[in-house]
Protein chains: 2
Amino acid sequence: MTDGNRPQATGLRALLNIDESPFPGMSVTFRVMRLGAVWRTRLERELKPTGMTVAGFRPMVYLMMMQEGTSQRELAAALDTDTSALVRVLDLLEAAGLVERRPDSVDRRANNLFITDAGRRKCRAFHEIGARVEAELTEGLSAGEIVELVARLEHVLANAARPPAADMPAGGEAA
Amino acid sequence: MTDGNRPQATGLRALLNIDESPFPGMSVTFRVMRLGAVWRTRLERELKPTGMTVAGFRPMVYLMMMQEGTSQRELAAALDTDTSALVRVLDLLEAAGLVERRPDSVDRRANNLFITDAGRRKCRAFHEIGARVEAELTEGLSAGEIVELVARLEHVLANAARPPAADMPAGGEAA
DNA sequence: TACAATTAATGGGCATGGCAATTATTTTGA
DNA sequence: TCAAAATAATTGCCATGCCCATTAATTGTA
């Protein structure tokens, strides 16, 4: 189906061997960023016919895994995302009748989040699609290799969670 | 420095073991997408003091690795991105005097792209920062593990480049 | 109790990137 | 040779997500 104005990457990408380029030490960087975007777009397209988006899908999945009545702040923390971004997604999910916000009886600032039955049903359908996409994209990797890959990604994610070294040298040697 | 409205992921992420959740087969999906965003944001923050953005950095690097006088279409293909997205980035880079568009003498629709000397100089500075970020994020992984990681990512990227199976069942079994 | 600091949720502004459509040019083919 | 199809670059529009500021409520403290 549609592929926008994206020209075929006819071997051009393969031609460029970043590792032996004048830019060593960035081989992971470009691939991680590109893969993040590519994977997302792919999933987005597959979800489209169901009316769901990736942005809405992730919170739903996490919600289903968390305790009922979680606060928005907690969900945002789990998603490692911004609370303000979450607000807008929840607006959509709530309007679609998939999620419910109920005021917290103790803390009147907070909301308790619940997935509706319709939400649970939809979520299972989305999950099938998501799992199929992952299977397609990881095709050719053995189960062991996938486990290993996940471990590496987790490692890097953990590194990223640490504070950035010491971001002091504002005008460092890099002009 | 700033971290917006993002609440601390106080072990919540770790608590959620996606692999043993009711959503098997999505362990790579969430990590890849999240890591893409996290890595990008991290690099974005480090580049900020230099006035460069990730969006502009990537095309510059690729341009330096490609033949002089590449067309925008070719660059977009190499970046695996949309030509329309590239147009706007090039506008900025050209305004900053880092890149130059010259009309193709043969095909009057096309432009030939060139990096200016200033562009090359800047690019080297950006590269130092990018390499440092990658070093920080991959800390704790051995050289061999990084090579392996790159190979896995490359494998998945190749899978993603293939057409999506057969996207026929529009209204499939997934309600 | 009053008052400052913190916190949950929200809204505004902005950059990025994807898709659709438009324009100008080139290529194809009847 | 002329019209139709394809193509390079561009613009418009929109979703996503980050950062900053605001509001309402809570907590801590003098």
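**Two protein chains and two DNA strands**

Across the interface of chain A and chain B, ten salt bridges are found. The model is a predicted one. One of the bridges links B:Asp80 to A:Arg34. The closest N and O atoms of this pair are 3.4 Å apart. Polar contacts were counted as well. Between chain A and chain B, 28 residue pairs are in polar contact, with both residues at pLDDT 80 or more.

Several helices build the side of chain A that touches chain B. The elements giving two or more residues are α1 (12-15), α2, α3 (54-65), α4, α5, α6 (117-137) and α7 (143-161) of chain A. The most comes from α2(A), which gives 16 residues. By class, this side of chain A holds 49 nonpolar, 18 polar and 24 charged residues.

The extent of the contact was examined next. Chain A brings 91 residues to the contact, and chain B brings 91 residues. The size of an interface is often given as the accessible area lost when the parts come together. Between chain A and chain B, about 8,600 Å² is buried. Carbon and sulfur atoms give 68% of that area.

How are the two chains placed with respect to each other? Two copies of a chain are related by a rotation about an axis and a shift along it. Here, a turn of 179° and a shift of 0.1 Å along the axis lay chain A on chain B. The RMSD of this superposition is 0.2 Å. That is the relation of a two-fold axis. The same surface serves both copies, as 100% of the contact residues of chain A recur in chain B. Among the residues of chain A, A:Gly36 comes closest to the rotation axis. The C-alpha atom of A:Gly36 lies 2.2 Å from that axis.

Salt bridges were also sought beyond the interface. Over all chains, the whole structure has 30 salt bridges. One pair lies inside chain A, where A:Glu44 forms a salt bridge with A:Arg40. The closest N and O atoms of A:Glu44 and A:Arg40 are 3.6 Å apart. Both residues lie in helix α2 of chain A. A:Glu44 and A:Arg40 are four residues apart, about one turn of the helix.

The DNA was considered strand by strand. Around DNA strand C there are 32 residues. Those that come nearest are A:Arg73, A:Arg88, A:Arg109, B:Asn5 and B:Ser84. Both chains thus appear in this list. Of the atoms of DNA strand C within 4 Å of the protein, 70% belong to sugar or phosphate. The rest belong to bases.

Some side chains reach the bases of DNA strand C. An N or O atom in the side chain of B:Arg88 is 3.0 Å from a base oxygen of this strand. For B:Arg109, a polar side-chain atom lies 3.3 Å from a base oxygen of DNA strand C. For A:Ser84, the distance from a polar side-chain atom to a base oxygen of DNA strand C is 3.4 Å.

Which elements supply the surface near DNA strand C? At least two residues each come from α2 (27-47), α4 (72-79) and α5 (83-95) of chain A, and from α5 (83-95) of chain B. The most comes from α5(A), with four residues. This surface has five nonpolar, 13 polar and 14 charged residues.

DNA strand D has 29 residues around it. A:Asn5, A:Ser84, B:Arg73, B:Arg88 and B:Arg109 come nearest. Sugar and phosphate account for 68% of the atoms of DNA strand D that come within 4 Å of the protein.

Contacts to DNA strand D involve both phosphate and base. An N or O atom in the side chain of B:Arg45 is 2.7 Å from a phosphate oxygen of DNA strand D. B:Asn111 uses its backbone, with an N or O atom 2.9 Å from a phosphate oxygen of this strand. B:Arg88 meets a base instead, with a polar side-chain atom 2.6 Å from a base oxygen of DNA strand D.

The surface near DNA strand D draws at least two residues from each of α5 of chain A and α2 (27-47), α4 (72-79) and α5 of chain B. The most comes from α5(B), with four residues. By class, there are four nonpolar, twelve polar and 13 charged residues in this surface.

Methods. Residues numbered from 1 in each chain as written. Chains lettered and ligands numbered in written order. Heavy atoms only, no water. Near = heavy atom within 4 Å. Polar contact = N/O pair within 3.5 Å; in protein donor to acceptor, adjacent residues only side chain to side chain. Nonpolar A, V, L, I, M, F, W, Y, C, P; charged D, E, K, R; others polar. Contact = heavy atoms within 4.5 Å. Buried area = accessible area lost by both parts, 1.4 Å probe. Salt bridge = Lys/Arg side-chain N within 4 Å of Asp/Glu carboxyl O. Least-squares fit on C-alpha atoms with pLDDT ≥ 70 in both.
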